[in-house]
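The following note sets out points on the fold, the core, the aromatic pairs and the backbone. Please read it alongside the sequence and the model.

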Amino acid sequence: MCNILKGEGVIVKRPDPIDWSVKYKTPDFESTGMYGAMPRDILLVVGNEIIEAPMAWRARFFEYRAYRRLIKDYFNSGAKWTTAPKPTMADELYDQNYPIHSVEDRHKLAAQGKFVTTEFEPCFDAADFIRAGRDIFVQRSQVTNYMGIEWMRRHLAPDYRVHIISFKDPNPMHIDATFNIIGPGLVLSNPDRPCHQIELFKKAGWTVIQPPVPLIPDDHPLWMSSKWLSMNVLMLDEKRVMVDANETSIQKMFEKLGISTIKVNIRHANSLGGGFHCWTCDIRRRGTLQSYFD
């Protein structure tokens, strides 16, 4: 995948390999790590600023260490570098009685904006935010709470506006396989998880596209994710998209939109819980800052 990106003219940088099996302990918990496979989860780039997300899983507390060498390089080249307040991840951050096994109960709680994380302290994963020029959309999820969203809103004001949107989803965690902006005025919206605020986009003249049903087989192992990773695509620019080589239906959808598909056969990596958008974090793009919701 990296070689294909390089062939398309993209500069590719990789995080440092770390032994995530090493145990660590804070005054509030002890854990081992998880991986450094999903830069989209931990880094949010807004303009010339790189924001390190605080995360919400204890296994991801030290995940930022895999990216520090790269972030220091960007800082030395002129980027702004911000780390959001690091949560203690004490027991109070988690609802100990959250109904893990009951989807029906989780639907009811989700409708009330309640999830496994409490409002004990700010927490968020970067992948619950998605950018559209001066407007940034975010969902309250299992890993992103309202305090975390409010921290981001105040931090980015007045240059950027942060909007909370929500979906019919009992287990939201990361927005980019539910709602994925693929260009100015163009968004993929998961038909299984409709957006409750979709009129906001339609009134602004946006085209809302429902991607086709994924083709990934039922017996393909998926951890912490769904088949809808098919829509977790990476836009190289407005006319090029990186997409799963096996997902021919969504390829045809993009081609009808006049977007050329760069096909990569890497389905086995979906089992880690991510897709092309998760596995990457675009640091620099050519273009100018626009406002699409005035």
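Helices, as the word is used here, are DSSP runs of H or I with at least four residues, numbered from the N terminus. Just after one of them, helix 3, G78 adopts a positive phi of about 115°. The model is a predicted one, and the points below should be read accordingly.

1. Overall form. The protein chain contains seven helices and 14 strands. Its radius of gyration is 19 Å, which agrees with the value near 19 Å that a compact globule of 294 residues would have. Along the principal axes, the C-alpha atoms fill a box of roughly 55 × 50 × 45 Å.

2. Burial and contact order. Of the 294 residues in the protein chain, 49% count as buried. The exposed area amounts to about 14600 Å², of which carbon and sulfur atoms supply 51%. Considering contacts between residues at least 6 apart in sequence, 65% join residues at least 24 apart.

3. The nonpolar core. In soluble globular proteins, nonpolar side chains tend to be buried together. The largest nonpolar core in this model has 38 residues, and M152 and L156 have the most contacts inside it. At least two residues of this core come from each of strand 3, strand 4, helix 3, strand 7 and helix 5. Strand 3 gives the largest share, four residues.

4. Helix 5. Which residues of helix 5 are buried? They are G148, I149, M152 and L156, in a helix that spans residues 146-156. Seen down the helix axis, these buried residues fall within an arc of 100°, so they line one face of helix 5. An α-helix has 3.6 residues a turn, so residues three or four places apart point the same way. The buried residues of helix 5 pack against five strands by name: strand 3 (43-46), strand 4 (49-52), strand 6 (129-132), strand 7 (135-138) and strand 8 (161-164). For L156, the contacts beyond its neighbours within four places in sequence are V46, E49, I51, I136 and V162.

5. Helix 3. The buried residues here are L70, I71 and Y74. Viewed down the axis of helix 3, they fall within an arc of 95°, so they too line one face of their helix. Their packing partners are strand 3, strand 4 and strand 5. Strand 3 and strand 4 also appear among the elements against which the buried residues of helix 5 pack.

6. Aromatic pairs. A pair of aromatic rings is described by the distance of the centres and the angle of the planes. The structure holds 17 aromatic pairs. One of them joins Y24 and F29 edge-to-face, at 6.4 Å centre to centre and with 80° between the planes. Y24 counts as buried because its relative accessibility, 15%, is under the 20% limit. F29 is likewise buried, with a relative accessible area of 5%. Another pair, F137 with F201, is tilted, with 4.8 Å centre to centre and 45° between the planes. This pair links distant parts of the chain, since F137 is in strand 7 and F201 in helix 6 (residues 198-203), 64 residues apart. F137 and F201 are both buried.

7. An aromatic cluster. Which residues do ring pairs link into a cluster with F137 and F201? The other members are F167, F179, W206, Y292 and F293.

8. A cis peptide bond. The bond from A157 to P158 is cis, with omega near 0°. P158 is located in the loop between helix 5 and strand 8. The reviewer may wish to inspect this bond in the model.

9. Positive phi at residues other than glycine. M89 has a positive phi, near 55°. Its place is the loop between strand 5 (80-83) and helix 4 (103-111). M89 is buried, with a relative accessible area of 0%. H174 also has a positive phi, of about 80°, although it is not a glycine. H174 belongs to the loop between strand 8 and strand 9 (179-183). With a relative accessible area of 10%, H174 is buried.

Definitions and conventions
Residues are numbered from 1 along each chain as its sequence is written. This is a predicted model: local features need pLDDT of at least 70, side-chain atom pairs count only at pLDDT 80 or more; totals for chains, interfaces and linings use all residues. Side-chain values use heavy atoms; hydrogens and water are left out. Buried means under 20% relative accessible area, exposed over 50%, partly exposed in between (1.4 Å probe, protein chains only). The arc is that of the directions from the helix axis to the C-beta atoms. Contact means heavy atoms within 4.5 Å. A nonpolar core is a set of buried Ala, Val, Leu, Ile, Met, Phe, Trp, Tyr and Cys residues joined through side-chain atoms within 4.5 Å. The radius of gyration is taken over C-alpha atoms; the globule rule is 2.2 Å times the number of residues to the power 0.38. Accessible areas come from the Shrake-Rupley method with a 1.4 Å probe; for residues, only the protein chains shown count as cover. Rings of Phe, Tyr and Trp (its six-membered ring) pair if their centres lie within 6.5 Å; planes under 30 degrees apart count as stacked, over 60 as edge-to-face and the rest as tilted.
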